[in-house]
Amino acid sequence: MGEPGTFYVVATPIGNLGDLTARAKDTLRDCDFVVAEDTRRTRQLLTHFGIRGKAIERLDAHASARDVGRVVERLCAGKSVALVTDAGTPTVSDPGGRVIEAAIAAGARVVAVPGASALLAALVGSGLVTDGPFRFAGFLPRDGTTRRAAIAQLCESAETVVLFEAANRTRATLRDLADATPERPACVARELTKVHEEYVRGTCESLAADERTWIGEIALVLGAYRPAEREQQVTDAALDARIDEALGRGEHARTIAERLAAYSGRPKRAVYERVVARKGSAG
């Protein structure tokens, strides 16, 4: 058996078709197969750039082990395969991680063909990027304790944070973020690279108060913040009121402590002890 083929991970435009790089076009034209999250959308993309007759197979987030194995078989036969998703860079909140792992395990060469990324576009355009680290949170859980815990951990983070959100859940997420860090600088980046691209900047509180109906593809950016500055602004009474509200909703003490540590700027352990004390006195 000869050497395995090359597995190309190809970034595609997130809106503006002019963002497909020349290298990506060449890769998609020259590879033996394309595996795609949505074959119809990918066919339209290839046709737009004059690439016709290319073999395309579906490989989405629900791909089976057999589907992944079929890709690996082609690589082991020396074929070159390109992976694309609906938009942006595969595996960044998109499927593809399992097949990349399988390709590496099979000894195939994996090559990233970089290009458009909603994550980086939102981060740069928000005006909230710093020379320090940033954190990418992807999509938040939709509801329940898992969601509350994820938001609490996210808001406790002092570095710049980027997350994706569905348009119909954006208002609720902004409200949840405002409950934890109302004065934290934030930005809603929507429809990036498209005709109606927009950056709406403010604080978590001001954005949560915006009554518009958010539409399009959404990325949220939270600016870096200094907990010490928050600690000087939040009184014991204000903190206790927030604790009592959360306890009244039946939230777990640790979840409350994580979120309100971000809100108050106080150490999480100190807030947790305060939550437990108030829970005990209420009981």
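What volume does the largest pocket have? About 680 Å³. Keep in mind that you're looking at a predicted model.

**Stop 1: the largest pocket.** Select Ala 87, Asp 94, Phe 139, Phe 164 and Glu 217, which lie nearest the centre of this pocket. They belong to a lining of 29 residues. Now colour helix H5 (118–126) along with strands S7, S8 and S10: these are the elements that give two or more residues to that lining. Sort the lining by class and you get 14 nonpolar, four polar and 11 charged residues.

**Stop 2: the second largest pocket.** This one has a volume of about 240 Å³. Pick Pro 13, Leu 17, Arg 41, Leu 45 and Asp 86, the closest to its centre among 14 lining residues. Then show helix H2 (residues 39–48), which gives the largest share of the lining, four residues.

**Stop 3: the largest nonpolar core.** Hide the pockets and select Leu 154, Cys 155, Leu 174, Leu 177, Val 188, Leu 220 and Leu 222; they have the most contacts inside this core of 23 residues. Another core, of 16 residues, lies apart from it, and Val 9, Val 68, Val 99 and Ala 103 are among its members. Zoom in on Leu 222 next: its contacts farther off in sequence than four places include Leu 128, Val 161 and Pro 185.

**Stop 4: the cysteines.** How many disulfides does the structure hold? Zero. Click Cys 31: its sulfur is 17 Å from the closest cysteine sulfur, in Cys 76, so the two are too far apart for a bond. Cys 31 counts as buried, because its relative accessibility is 4%. Finish at Cys 187, where the nearest cysteine sulfur, that of Cys 204, is 11 Å away.

Terms used
Residues are numbered from 1 along each chain as its sequence is written. This is a predicted model: local features need pLDDT of at least 70, side-chain atom pairs count only at pLDDT 80 or more; totals for chains, interfaces and linings use all residues. Side-chain values use heavy atoms; hydrogens and water are left out. A nonpolar core is a set of buried Ala, Val, Leu, Ile, Met, Phe, Trp, Tyr and Cys residues joined through side-chain atoms within 4.5 Å. Buried means under 20% relative accessible area, exposed over 50%, partly exposed in between (1.4 Å probe, protein chains only). Contact means heavy atoms within 4.5 Å. A disulfide is a pair of cysteine sulfur atoms within 2.5 Å. On a 1 Å grid over the protein atoms alone, a cavity is a set of points where a 1.4 Å probe fits but cannot get out, and a pocket is an open set with protein on both sides within 12 Å along at least five of seven lines; lining residues have an atom within 4 Å of a point. Grid points are joined across faces, edges and corners, and a volume is the space filled by probe spheres set on the points. Ala, Val, Leu, Ile, Met, Phe, Trp, Tyr, Cys and Pro count as nonpolar, Asp, Glu, Lys and Arg as charged, and the others, Gly among them, as polar.
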